[in-house]
Amino acid sequence: MAYQSETKDGTPVFHFRKPTKNIKLPSDMTSWQRSQAYKDYFSFVRHLNESVKGKTTSDRYPVSPAVETATEIIAELSKWVEEIPPVDQPQRFGNKAFREWYSRLENNAERLITKLVNIENATTELKPYLVESFGNPIRIDYGSGHEISFAAFLCCLCKVETFKEEDSVAIVFKVFVQYLELCRKLQTVYRMEPAGSHGVWGLDDFQFLPYIWGSAQLLDHPTIEPSHFPDRLSADRNASDYLFFRCIQYIHETKTGPFSEHSNQLWNISGLKHWSKVNSGLIKMYEKEVLGEFPIVQHFPCGSLLSFECVTP
């Protein structure tokens, strides 16, 4: 549950607490996969997947004040990148200026969250998810675990009813898309390295969720087939409408050489005939290779909104 009690009129009363990390050993993975947090988070991912099926990012959809506020917050974070340029250093990767950007995020997180959620003590629980969404300041890297943290932040915003059911499409097409562009900006400007990358055998150096939701957008598309997406011209033509193609466009912008060599896993996926197979396969892959991998989820914190308590069978 998102809360532990109600007032007489049914208004939720939240009992926030600072999230803690419970997945400390590989043996904790079974408890994680049986937890309320796992169930709620994965359900949230699948719900958003259903929400964007057959839709393009340029379609009309409701945009609430809460969604607008969320995008304004991300825009402010993006502006900081211009204010904190990369420093001269001998290392090619991992520019140390990212640590200053991250420190500013830590120092301003409560102020930013309060713009979205005006509930007492909410920042205590929401802050760790937001702060951990953009990369690690020590290693100056970014990976699926950071993406999970931002999706968990969005999930929590739904649980405290900042976002409503009718915001589902906008959460993906407005908030998450803007988050992705900020992450790409951080990765490019500060030369961030992939966190725990599987190299050529991984799906993507940095992201996973936009492939799931992006393939949902393309279900039953009359002309665009999975075989089209490795082509750069196809990616450029469709990037503004489909998350999947924007991801492929970014790969082309940052990597050289044959697509089949630098993105072998995606190349193999392009051999599937139907987007439905791509979408269902990616969801299963996400469950196994992201949510089911200890090195990725070991840093996931659980509080009252995303609880580590075991779900009753």
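**Exercises on pockets, cavities and a buried aspartate**

About 430 Å³ of space lies in the second largest pocket of this predicted model.

**Exercise 1.** Determine which residues and elements line the second largest pocket, and which element gives the largest share.

*Solution.*
1. The lining consists of 16 residues, and those nearest the centre of the pocket are Phe 93, Arg 191, Met 192, Phe 206 and Thr 254.
2. At least two lining residues come from each of α7 (168-189), β5 (193-194) and α10 (243-254).
3. With four residues, α10 supplies the largest share of this lining.
4. Sorted by class, the lining holds seven charged, six nonpolar and three polar residues.

**Exercise 2.** Describe the largest pocket by its volume, its central residues and the make-up of its lining.

*Solution.*
1. The volume of the largest pocket is about 680 Å³.
2. Its lining has 32 residues, and Gly 143, Ser 144, Gly 145, Ala 195 and Ile 296 are the closest to the centre.
3. Two or more residues of the lining are given by each of the elements α6 (144-159), α13 (275-289) and α14 (294-297).
4. The largest share is that of α6, with five residues.
5. The class count for this pocket is 13 polar, 12 nonpolar and seven charged residues.

**Exercise 3.** State how many cavities of 30 Å³ or more the structure holds, and characterise the lining of the largest cavity.

*Solution.*
1. There are two cavities of 30 Å³ or more.
2. The largest cavity has a volume of about 90 Å³.
3. Of the 14 residues that line the largest cavity, Ala 70, Ile 73, Ile 74, Leu 130 and Phe 153 lie nearest its centre.
4. The elements α3 (65-83), α4 (97-116) and α6 each contribute at least two residues to this lining.
5. The lining comprises 14 nonpolar residues, with no polar and no charged residues.
6. The helix α6 thus appears in the lining of the largest cavity and also in that of the largest pocket.

**Exercise 4.** Locate Asp 28, and establish which side chain of opposite charge is nearest to Asp 28 and how far away that side chain is.

*Solution.*
1. Asp 28 belongs to the loop between β3 (20-21) and α1 (29-33).
2. The residue is buried, and the nearest side chain of opposite charge is that of Lys 24, 7.2 Å away.
3. A salt bridge requires a side-chain nitrogen of Lys or Arg within 4 Å of a carboxyl oxygen; Asp 28 has no salt bridge.
4. The backbone of Lys 24 must be considered separately from its side chain: the backbone nitrogen of Lys 24 lies 2.9 Å from a polar atom of the Asp 28 side chain.

Definitions and conventions. Residues numbered from 1 in each chain as written. Predicted model: local features only at pLDDT ≥ 70, side-chain atom pairs only at ≥ 80, totals over all residues. Heavy atoms only, no water. 1 Å grid on protein atoms, 1.4 Å probe; cavity = no way out; pocket = protein on both sides within 12 Å on 5 of 7 lines; lining within 4 Å. Points joined across faces, edges and corners; volume = space filled by probe spheres on them. Nonpolar A, V, L, I, M, F, W, Y, C, P; charged D, E, K, R; others polar. Buried < 20%, exposed > 50% of the residue type's maximum accessible area, 1.4 Å probe, protein only. Lys, Arg positive; Asp, Glu negative; His and termini not counted. Polar contact = N/O pair within 3.5 Å; in protein donor to acceptor, adjacent residues only side chain to side chain.
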